[in-house]
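Me: I'd like a close look at one part of this protein rather than a tour of everything. Could you pick a good starting residue, work outwards from there, and keep it casual?

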Amino acid sequence: SFSRMLFWLMLSLFTICLSVLASGSAAFTHIASPLVNSKAAAFIGSSKLHEAESDAEEASETEFRGAQAISALTADVKTTFTLEDIAKVLPHRYPFLLVDKVVEYEMGKRAVGVKSVTLNEPHFTGHFPDRPIMPGVLQVEALAQLAGIICLQMEGAKPGAVFFFAGADGVKWKKPVVPGDTLVMEVEITKWNARFGIAKATGKAYTDGDLAVVVDTMTFALAK
């Protein structure tokens, strides 16, 4: 009948319209998606560039402090024993005097000393020619000399006496010490026998705030 044909005709048209709409939506999504992703990527890239520029500006503003500001970082560190004072206590002399100054000192107990490492020291000629590194044994020797500054001013000893290095246990090196470094050392006397002139101590040293060497036990004997 005519009504049935009209129904099937309208149903076919409706189906065609749905197909057209579906294909149009897919095409729009296919076209729009790259555009959205491209804009998002551009926005993220722009943000990262802006952050990098801001970091560079901040670095340029804070990077250069000048000599006075850097020198002032140690303004509160006072010298207790100068090099001349140390020479009156220790028998060592150039090139084997390895403590430049003492900045903290508790009589008979502990001390903090400083060794400025420079390329002018003779051991760097051969250790090593292309990569100068302060020998680890000299780092331990510097700690021993700092301990000697304490011990040679204790009861039963006298300044200028010869103090033998009798042993070292638990030595660990954590990082190379190189020319230009400032080796900041700390030793503590753990035992002192005035009768026999025997002392034991612990020691550690730092460069730029990082541990460079640590010695669990150092033993010394006063020459008789």
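Reply: Let's start with Gln145, which is buried, with a relative accessible area of just 2%. Keep in mind as we go that this is a predicted model. Gln145 sits in helix α4, which spans residues 136-151. What does Gln145 touch, once residues up to four places away in sequence are set aside? The list is Leu90, His92, Phe96, Leu97, Leu98 and Val99.

Now follow the helix itself. α4 lies across β1, β2, β3, β4, β5 and β6, and runs at about 55 degrees to β4. So the part to look at closely is the sheet that goes with this helix.

The sheet is open and has 6 strands, in the order β1-β2-β4-β5-β6-β3, with antiparallel pairing. At its edges stand β1 and β3, each with a single partner strand, so one side of each has no neighbour in the sheet. From one strand to the next, the twist averages 20 degrees. As a general reminder, strands of a sheet pair through backbone hydrogen bonds, in either the parallel or the antiparallel sense.

Let's walk across, beginning at the β1 edge. Strand β1 covers residues 101-106 and pairs with β2 in the antiparallel sense over 5 bridges. If you want a register mark here, Glu104 has Val112 in β2 as its bridge partner. The hairpin of β1 and β2 has 3 residues between the strands, and Gly108 takes a positive phi near 75 degrees there.

Next up is β2, residues 110-116. Of its 7 residues, 5 are buried, so the strand is largely enclosed by the rest of the structure. Ala111 is a good residue to zoom in on, since its place is in strand β2. Is Ala111 buried or exposed? Its relative accessible area is 3%, and the cut-off for buried is under 20%, so Ala111 counts as buried. Leaving out neighbours within four places in sequence, its contacts are Val102, Glu104, Tyr105, Leu146, Ile150, Met185, Glu186 and Val187. For another distance to check, the C-alpha atoms of Ala111 and Thr80 are 9.8 Å apart, with their positions 31 residues apart along the chain.

On to the other partner of β2. Strand β4 (residues 182-193) pairs with β2 in the antiparallel sense over 7 bridges, and Val114 stands opposite Val184 in β4. β4 also pairs with β5, again antiparallel, over 9 bridges, with Glu188 opposite Thr202 in β5. The two strands form a hairpin with 4 residues between them, and Gly197 in the turn has a positive phi of about 65 degrees.

β5 has two faces that are easy to tell apart. The covered one is made of Ala199, Ala201, Gly203, Ala205 and Thr207, while the uncovered one has Ile198, Lys200, Thr202, Lys204 and Tyr206. From there, β5 pairs with β6 in the antiparallel sense over 9 bridges, and the bridge partner of Lys204 in β6 is Val214. Their hairpin has 2 residues between the strands, and Asp208 takes a positive phi near 55 degrees.

That brings us to the other edge. β6 (residues 210-222) and β3 pair in the antiparallel sense over 9 bridges, and Phe165 has Phe220 in β6 as its bridge partner.

This end of the walk leads to some aromatics. How many aromatic pairs does the structure hold? There are 4. In one of them, Phe163 and Trp192 have ring centres 6.4 Å apart and planes at 40 degrees, so the pair is tilted. Phe163 is in strand β3 (residues 163-173) and Trp192 in strand β4, so this pair ties together parts that are 29 residues apart in sequence. Phe163 is buried too, with a relative accessible area of 15%. Ring pairs link Phe163, Phe165, Trp192 and Phe220 into a cluster.

To put the part back into the whole: the protein has 4 helices and 6 strands, and along the sequence they read α-α-α-β-β-α-β-β-β-β. Of its 224 residues, 29% count as buried. Among contacts with a separation of 6 or more, 64% are between residues 24 or more positions apart.

Conventions. Residues are numbered from 1 along each chain as its sequence is written. This is a predicted model: local features need pLDDT of at least 70, side-chain atom pairs count only at pLDDT 80 or more; totals for chains, interfaces and linings use all residues. Side-chain values use heavy atoms; hydrogens and water are left out. Buried means under 20% relative accessible area, exposed over 50%, partly exposed in between (1.4 Å probe, protein chains only). Two strands pair if DSSP finds at least two bridges between them. Contact means heavy atoms within 4.5 Å. Rings of Phe, Tyr and Trp (its six-membered ring) pair if their centres lie within 6.5 Å; planes under 30 degrees apart count as stacked, over 60 as edge-to-face and the rest as tilted. Axes are lines fitted to C-alpha atoms, for helices over the stretch in contact, and angles run from 0 to 180 degrees between N-to-C directions.
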